[in-house]
Amino acid sequence: MKFAFAGIDFLGGVFEGLLDAGWTPVKLFTRPCDGVYDHNEVIVARARSLKLPIQLSRIRERDIEALQAEHGRDWALVVAGYPWLIKGWKGRAAYGLNFHPSPLPTGRGPYPLFRAVLDRYETWGVTAHVLADGFDAGDILAQEIFALSSRESHETLLAKCQMAARRLAAGPLGRELPNRWRRSEPQGDGSYWPRATDTDRTLDFRQDVETVLRRVRAFGTVETIARLGDARVFVAEAQGWQERHAHTPGAVVHRHRRHVVVAALDGYVQLTRWSPVPLAEAGQIGR
C-alpha cells in the first residue's frame, strides 16, 4: 500500500510501523516545530533518506488532488500528530485514517495525555480511526489499551502511546486495513478535552503533596507553573513528602543550591528542576 504521512516526531513510529508492514511512502506532510516541545527532525531526516517530497504548509485539497493524479486512488492518507483538519481525501484516496493518543471516544482533542494523568485513569490507549469531518470522531479501525500506574508521568505515558501506535501500524492497520475498514465501528458519544491552559499547569500548594506532585508528573518536561513569593517559575521535576508543619502553604521553607522546598497542605514539595524562564523561551533543556 502506498501512503502519504502527515505528522511530526510525536507519533513518528507510525511511519516506521507502516514501513515494517511493507507499505511504500510517497510524501511527507509535516509542519514547523519549535524544537523544544514539538519536533520533526527525525521524520524529516527519514523522509529525506527515502527521497520523499516534503511539505511544511497545511494540506489543501489541491495537494490531495496532486497525489491522486500521480498515484490514482490506490493510496492511503495516514495522519499522526497533525494539528489541522484534513478534508477532500474521500474519492481521491482509498483510505484516510488518523492515530489518536487516547481510548476513543474518551479524550478527543489536541493533546489528552496531561488530563489522563491528572484524572488518575487506570487504563489508557491509542486509537486508529477513519478521518472524519470532526476532530477524532471517525469510526474506529483498531485500538490498543494498556495499564497506567499510580505514579504515571507525562513522559512514561507518552512512551506507552508511541510504542502502542507503532504496534498498531505494523500489525492490525498495516496488515489488515481493508478488512478493518469494512468492519470499522462508530464511536458513539464521547468527550472532547480542550488544550491545557496555564491555569491547568499552575501548582496550588494549598493542596496535599500527592495532588501537587501528580500535576508535576502530568506535565513533566512541558512544565508546570509555580508561584514563589512574587516570582513565577517553571517546574519540570519535583519530589515531596508528607510531614506535619505550621508553615503557610506556598511558603519557601528551605533552599539548597538549585533545590527549593515549598510548604504544601500536608507536607513539603521540593522543586529539583525549574527555571524562571519557560523552556520554550530558554530554548534548551538543561536547568
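Visitor: Which residues of H7 are buried?

Guide: In this predicted model, the buried residues of H7 are Val209, Thr211, Val212, Leu213, Arg214, Arg215, Val216, Arg217, Ala218 and Phe219.

Visitor: And what makes helix H7 largely enclosed by the rest of the structure?

Guide: The count does it. Helix H7 covers residues 209-219, and 10 of its 11 residues are buried, so the rest of the structure largely encloses it. To earn the word "buried", a residue needs a relative accessible area under 20%.

Visitor: What is there at the start of H7, and what comes just after H7?

Guide: At the start, a side-chain oxygen of aspartate 208 comes within 3.2 Å of the backbone nitrogen of glutamate 210. The cut-off for a polar contact is 3.5 Å. Just after H7, glycine 220 has a positive phi of about 50 degrees.

Visitor: Let's turn to the rings. How many aromatic pairs are there?

Guide: The count comes to 13 aromatic pairs. Take tyrosine 95 and tryptophan 181: their ring centres are 5.0 Å apart, with 75 degrees between the planes.

Visitor: Why is that pair called edge-to-face?

Guide: Centres within 6.5 Å make a pair, and planes over 60 degrees apart make it edge-to-face. With 5.0 Å and 75 degrees, tyrosine 95 and tryptophan 181 pass both tests.

Visitor: What makes this pair a tie between parts 86 residues apart in sequence?

Guide: Tyrosine 95 belongs to strand E5 (residues 95-100) and tryptophan 181 to helix H5 (residues 154-182), so the pair ties those parts together.

Visitor: Are tyrosine 95 and tryptophan 181 buried or partly exposed?

Guide: Tyrosine 95 has 12% relative accessibility, so it counts as buried. Tryptophan 181 has 22%, so it counts as partly exposed. The line between the two classes is drawn at 20%.

Visitor: What kind of pair do tyrosine 121 and tryptophan 193 form?

Guide: A tilted one, at 5.9 Å centre to centre and 55 degrees between the planes. Stacked would need under 30 degrees and edge-to-face over 60, so an angle between those limits counts as tilted. Tyrosine 121 sits in the loop between helix H4 and strand E6, and tryptophan 193 in the loop between H5 and helix H6, 72 residues apart. Tyrosine 121 is partly exposed at 30%, while tryptophan 193 is buried at 4%.

Visitor: How do you know that cysteine 33 is too far from cysteine 161 for a bond?

Guide: A disulfide needs the two sulfur atoms within 2.5 Å. The closest cysteine sulfur to that of cysteine 33 is in cysteine 161, and at 18 Å it is too far for a bond. The count of disulfides is zero. Cysteine 33 is partly exposed, with a relative accessible area of 25%, whereas cysteine 161 is buried at 0%.

Visitor: One last topic, the sheet. What makes E8 and E10 edge strands?

Guide: The open sheet has five strands in the order E8-E9-E12-E11-E10, with antiparallel pairing. Strand E8 (224-228) and strand E10 (252-256) each have a single partner strand, so one side of each has no neighbour in the sheet.

Visitor: How do you know that E11 and E12 pair?

Guide: Strands pair when there are at least two bridges between them. Five bridges join strand E11 to strand E12, and the two run antiparallel. One of the bridge partnerships is that of valine 260 with leucine 271 in E12.

Terms used: Residues are numbered from 1 along each chain as its sequence is written. This is a predicted model: local features need pLDDT of at least 70, side-chain atom pairs count only at pLDDT 80 or more; totals for chains, interfaces and linings use all residues. Side-chain values use heavy atoms; hydrogens and water are left out. Rings of Phe, Tyr and Trp (its six-membered ring) pair if their centres lie within 6.5 Å; planes under 30 degrees apart count as stacked, over 60 as edge-to-face and the rest as tilted. Helices (H or I, at least four residues) and strands (E, at least two) are DSSP runs, numbered from the N terminus. Buried means under 20% relative accessible area, exposed over 50%, partly exposed in between (1.4 Å probe, protein chains only). A polar contact is a pair of N or O atoms within 3.5 Å; within protein, one must be able to donate a hydrogen and the other to accept it, and residues adjacent in sequence count only if both atoms are side-chain atoms.
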